[in-house]
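Visitor: I would like a close look at one part of this model, and then an account of how that part connects with its surroundings. Please take it slowly, one step at a time.

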Amino acid sequence: MEITNVTEYQAIAKQKLPKMIYDYYASGAEDEWTLQENREAFARILFRPRILIDVSKIDMTTTILGFKLSMPIMISPTAMQKMAHPDGEYATARAASAAGTIMTLSSWATSSVEEVASTGPGIRFFQLYVYKDRRVVEQLVRRAEKAGFKAIALTVDTPRLGRREADIKNRFVLPQNLTLKNFEGLDLGKMDQANDSGLASYVAGQIDRTLSWKDVKWLQSITTMPILVKGVITAEDSRLAVENGAAGIIVSNHGARQLDYVPATISALEEVVKAARGQIPVFLDGGVRRGTDVFKALALGAAGVFIGRPVVFSLAVAGEAGVSNVLKMLRDEFELTMALSGCNSLADITRNHVVTEADKFG
Ligand code: FNR
């Protein structure tokens, strides 16, 4: 059967993947309230389209941190992509660069920064988890920079791993034939089987819970790459990100995998954007599955969006071609949304093109 939208990949991936792996990709924390809300909050935003505007030529190009992209749709870091498909991160990297957009490589990738760089040219960001052993972090950041990565996405919402009950039930662990490749030479590339989630134990053992704003400064002292703070949900932290020299903010709730009952990212976006006062760009990830979602995020002030699960599910179903198709479907839907709303370029997309619950009820 023909696949006509991004969401359809999930059900097919579920049939194809071992349960432990599918559940790891799909699940959220605890009651998964935020997981559902990440989608439902998009559905509560409606359009105020404008008519009788010449939309024969639509320009979706944008510039992110100085890099020209074909569209404001990028790829979030998702860990361990070789569990989905043998080509793993290579496939994702190729699909992203063929589409003219950015891939963010996870610290916990099953391919190293050097391996991903070897797939060919492309604009890539590196997602960083800060380990207790700062020598490990320094070395990894230097390797990413040397391999040509253009920015660091510093994940700030994971001092401990959220309680993902499916992973606990399944005793989730990285399959034996795979390695967290960036850490292979550091003896941190394997994950031990644990009495609950093997990943939660790994995080508890290795990730630095003391991480604070002063470490954002420290990171700036060891790299020239711009730093995006990934995991901001409030105006307060938006201000602090600006004050601490972040190059950008990613409004993210980690795909609802960390703290449950935080708002959907699309609901938190506007307060973060307002607090950033145009000083740095604000991006969003979480629940983006349609071109209309991309438009809504831009109308509420995002400079671009990232997608997570659609990448791993399409990768599982069809490898690089699957990821390419997801990017193409979102691109085509976004273009159509622009046309039907009367927007020729991203600059034409305004706050007046959408109406939110807050607009209606104050
Ligand atoms: C993630 N996410 C994530 N974030 C991060 O900073 N480092 C990581 O290694 C991972 N790994 C990861 C694995 C899987 C399977 C998922 C689903 C998510 C979070 C990710 O970057 C992003 O914030 C969300 O996935 C975005 O939400 P959607 O698009 O999945 O709804």
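Guide: Start with Val294, which sits in helix 12, residues 291-299. The model is a predicted one, and its chain has an average pLDDT of 97, with 100% of the residues scoring at least 70. The model also scores ipTM 0.99 and pTM 0.98.

Is Val294 buried or exposed? Val294 has 28 other C-beta atoms within 10 Å, and the cut-off for burial is 20 or more, so Val294 is buried. Setting aside residues up to four places away in sequence, Val294 touches Pro72, Ile73, Val288, Val305, Leu330 and Phe334. Another residue, Ser345, is 51 residues from Val294 in sequence, and their C-alpha atoms are 13 Å apart in space.

Two of the contacts of Val294, Leu330 and Phe334, belong to helix 13, which runs over residues 309-341. In an α-helix there are 3.6 residues a turn, so residues three or four places apart point the same way. Another contact, Ile73, lies in strand 4, residues 73-75. Strand 4 and helix 13 appear again around helix 4, where both are among the elements that cover its buried residues. The cover also includes strand 5 (103-105), helix 5 (113-117) and strand 6 (124-128).

Helix 4 spans residues 88-98, and 9 of its 11 residues are buried, so the rest of the structure largely encloses it. The buried ones are Gly88, Glu89, Tyr90, Ala91, Thr92, Ala93, Arg94, Ala95 and Ala96. After helix 4 comes Gly100, with a positive phi near 75°.

Helix 13 has a further role in the picture. The largest nonpolar core has 114 residues, and those touching the most other members are Ile152, Val229, Ile249 and Val251. To this core helix 13 gives the most, with 14 residues. Take Val251 from the list: leaving out residues up to four places away in sequence, Val251 touches Val232, Ile233, Thr265, Ala268, Leu269, Val272, Val282, Phe283 and Leu284.

Val251 falls in strand 9, residues 248-251, and the loop between strand 9 and helix 11 (265-276) holds His254. Ala256 is found in that loop too. His254 has 24 C-beta neighbours inside 10 Å and therefore counts as buried. Ala256 has 28 such neighbours and therefore also counts as buried. Their backbones deserve a look as well. Most residues other than glycine have a negative phi. Yet phi is positive for His254, near 65°, and positive for Ala256, near 60°. Apart from residues up to four places away in sequence, His254 touches Asp157, Thr158 and Gly231.

This loop leads to the ligand. Gly255 is one of the closest residues to the ligand, along with Ser76, Ser106, Gly308 and Arg309. There are 23 residues around the ligand, and that shell divides into 7 nonpolar, 12 polar and 4 charged. Arg309 is where helix 13 begins.

A UniProt record, an unreviewed entry, adds an annotation: "binding site" covers Tyr24, Tyr129, Arg164, His254 and Arg257. Tyr24, one of these, lies in helix 2, residues 19-26. Tyr24 is buried because 24 other C-beta atoms lie within 10 Å. Aside from its neighbours within four places in sequence, Tyr24 is in contact with Asp167 and Phe172.

For contrast with the buried residues, turn to Phe67 in strand 3, residues 67-69. Phe67 has 13 other C-beta atoms within 10 Å, so Phe67 is partly exposed. Not counting residues up to four places away in sequence, Phe67 touches Ile123 and Lys150. Phe67 and Leu105 are 38 residues apart along the chain, and 17 Å separates their C-alpha atoms.

Methods
Residues are numbered from 1 along each chain as its sequence is written. This is a predicted model: local features need pLDDT of at least 70, side-chain atom pairs count only at pLDDT 80 or more; totals for chains, interfaces and linings use all residues. A residue is near a molecule or strand if its C-beta atom, placed from the backbone, lies within 6 Å of it. Ala, Val, Leu, Ile, Met, Phe, Trp, Tyr, Cys and Pro count as nonpolar, Asp, Glu, Lys and Arg as charged, and the others, Gly among them, as polar. UniProt positions are given in the numbering used here, feature names are shortened, and annotations may be inferred rather than shown by experiment. Helices (H or I, at least four residues) and strands (E, at least two) are DSSP runs, numbered from the N terminus. A residue is buried if 20 or more other C-beta atoms lie within 10 Å of its own, exposed if 12 or fewer, and partly exposed in between; C-beta atoms are placed from the backbone. Two residues are in contact if their C-beta atoms, placed from the backbone, lie within 7 Å. A nonpolar core is a set of buried Ala, Val, Leu, Ile, Met, Phe, Trp, Tyr and Cys residues joined through C-beta atoms within 7 Å. pLDDT is the predictor's confidence in each residue, from 0 to 100.
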